[in-house]
Amino acid sequence: MRQAILALGHQILKESCEDWSPELQQPEQLITDMWETMLAADGCGLAAPQIGQPIKLFIVDSQSIYENMDETGRKTYFSKGDTGIRETFINAKIIDYSEQYWEDEEGCLSIPKLFQPVSRPWQITIDYYNANLEHQVRTFSGTTARIVQHEYDHTRGVLYIDHLKPLTKKIIASKLMKIKKGRISTSYPIKYQSYNKL
């Protein structure tokens, strides 16, 4: 079932999440809800805390981005042989970052209609469990790695705007305040701290 996405201002977005454990409910329904919510919002990634669940679980779809790019874009934003992923990450931990960094614009479903350039490592290696609870250790690069890092940050209470320089934060402060006060409309259900837009 599609869920409303929490907007900037909700405290849960700034909190470090707990590991998923077998004592909690099985994750199948949550994962299904997250995919439905993300796709309806035209997103490429979504983390559980964005729908009010403070656990280390997120989903990534870089495959759709790859499919909608021309060949020049694919060569720029994806490594050779990488056609993107549609993957679920449970209890993920990034265990290695490349020394090579690159900058690209990022947005966030919890921070609607705001995009800023963010510098991140080009390649990462991540340890996690997939939707079938199978242990994985995989290396991702380019756009796929960027989306994984963005969503991984959500499970640690970090937003992409936290990576921006102080001056940039000052420049966009009024826009962030509009979001916090619920003065931004979206095409998808979103819950603002001050009121609910369903």
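Helices are DSSP runs of at least four residues, numbered from the N terminus. The structure worked on in these exercises is a predicted model.

**Exercise 1. Find which helix holds lysine 175, and decide how far this residue is exposed.**

Step 1: Lysine 175 has its place in helix α6, which covers residues 173-180.

Step 2: The relative accessible area of lysine 175 is 47%, and since buried means under 20% and exposed means over 50%, a residue in between is called partly exposed. Lysine 175 is therefore partly exposed.

Step 3: Looking at the surroundings, we find that Lys175 gathers with Lys178, Lys181 and Arg183 in a patch of positive charge on the surface.

**Exercise 2. Work out which kind of aromatic pair tyrosine 66 and phenylalanine 78 make, and which parts of the chain they tie together.**

Step 1: The structure holds six aromatic pairs. In the pair of tyrosine 66 and phenylalanine 78, the ring centres are 5.2 Å apart and the planes stand at 85°.

Step 2: Centres within 6.5 Å make a pair, and planes over 60 degrees apart count as edge-to-face, so the rings of tyrosine 66 and phenylalanine 78, with planes at 85°, form an edge-to-face pair.

Step 3: Tyrosine 66 belongs to helix α2 (residues 63-67), whereas phenylalanine 78 belongs to the loop between α3 (71-77) and β4 (86-97), so the pair ties together parts that are twelve residues apart in sequence.

Step 4: Both values of relative accessible area can now be read against the cut-off of under 20% for buried residues: tyrosine 66 is buried at 16%, and phenylalanine 78 is buried at 4%.

**Exercise 3. Classify the pair of phenylalanine 89 and tyrosine 128, and name the cluster to which these residues belong.**

Step 1: The ring centres of phenylalanine 89 and tyrosine 128 lie 4.3 Å apart, and because their planes are at 40°, the pair is tilted.

Step 2: This pair links distant parts of the chain, with phenylalanine 89 in strand β4 and tyrosine 128 in strand β7 (residues 123-129), 39 residues apart.

Step 3: Phenylalanine 89 and tyrosine 128 are buried, and together with Phe58 and Phe140 they form one aromatic cluster.

**Exercise 4. Describe the salt bridges of aspartate 19, glutamate 87 and arginine 120, giving the partner of each.**

Step 1: A search of the whole structure finds ten salt bridges. One of them joins aspartate 19 to lysine 56, with the closest N and O atoms 3.2 Å apart. Aspartate 19 lies in the loop between β1 and α1, and lysine 56 in the loop between β2 (45-47) and β3 (57-61), so the pair ties together parts 37 residues apart in sequence. Aspartate 19 is partly exposed at 44% relative accessibility, and lysine 56 is partly exposed at 23%.

Step 2: Glutamate 87 forms a salt bridge with arginine 138, the closest N and O atoms being 3.4 Å apart. Glutamate 87 is in strand β4 and arginine 138 in strand β8 (residues 135-141), so this pair ties together parts 51 residues apart in sequence. Glutamate 87 is buried at 13%, while arginine 138 is partly exposed at 31%.

Step 3: Arginine 120 forms a salt bridge with glutamate 106, with the closest N and O atoms 2.6 Å apart. Arginine 120 and glutamate 106 are buried, and they are linked with Arg146, Asp153 and Arg156 in a network of salt bridges.

Conventions: Residues are numbered from 1 along each chain as its sequence is written. This is a predicted model: local features need pLDDT of at least 70, side-chain atom pairs count only at pLDDT 80 or more; totals for chains, interfaces and linings use all residues. Side-chain values use heavy atoms; hydrogens and water are left out. Patches are made of residues with over 30% relative accessible area and no salt bridge: like charges are joined within 9 Å, nonpolar side chains (Val, Leu, Ile, Met, Phe, Trp, Tyr) within 5 Å. Accessible areas come from the Shrake-Rupley method with a 1.4 Å probe; for residues, only the protein chains shown count as cover. A salt bridge is a side-chain nitrogen of Lys or Arg within 4 Å of a carboxyl oxygen of Asp or Glu. Lys and Arg count as positive and Asp and Glu as negative; His and the chain ends are not counted. The place of a charge is taken as NZ of Lys, CZ of Arg, CG of Asp or CD of Glu. Helices (H or I, at least four residues) and strands (E, at least two) are DSSP runs, numbered from the N terminus. Buried means under 20% relative accessible area, exposed over 50%, partly exposed in between (1.4 Å probe, protein chains only). Rings of Phe, Tyr and Trp (its six-membered ring) pair if their centres lie within 6.5 Å; planes under 30 degrees apart count as stacked, over 60 as edge-to-face and the rest as tilted.
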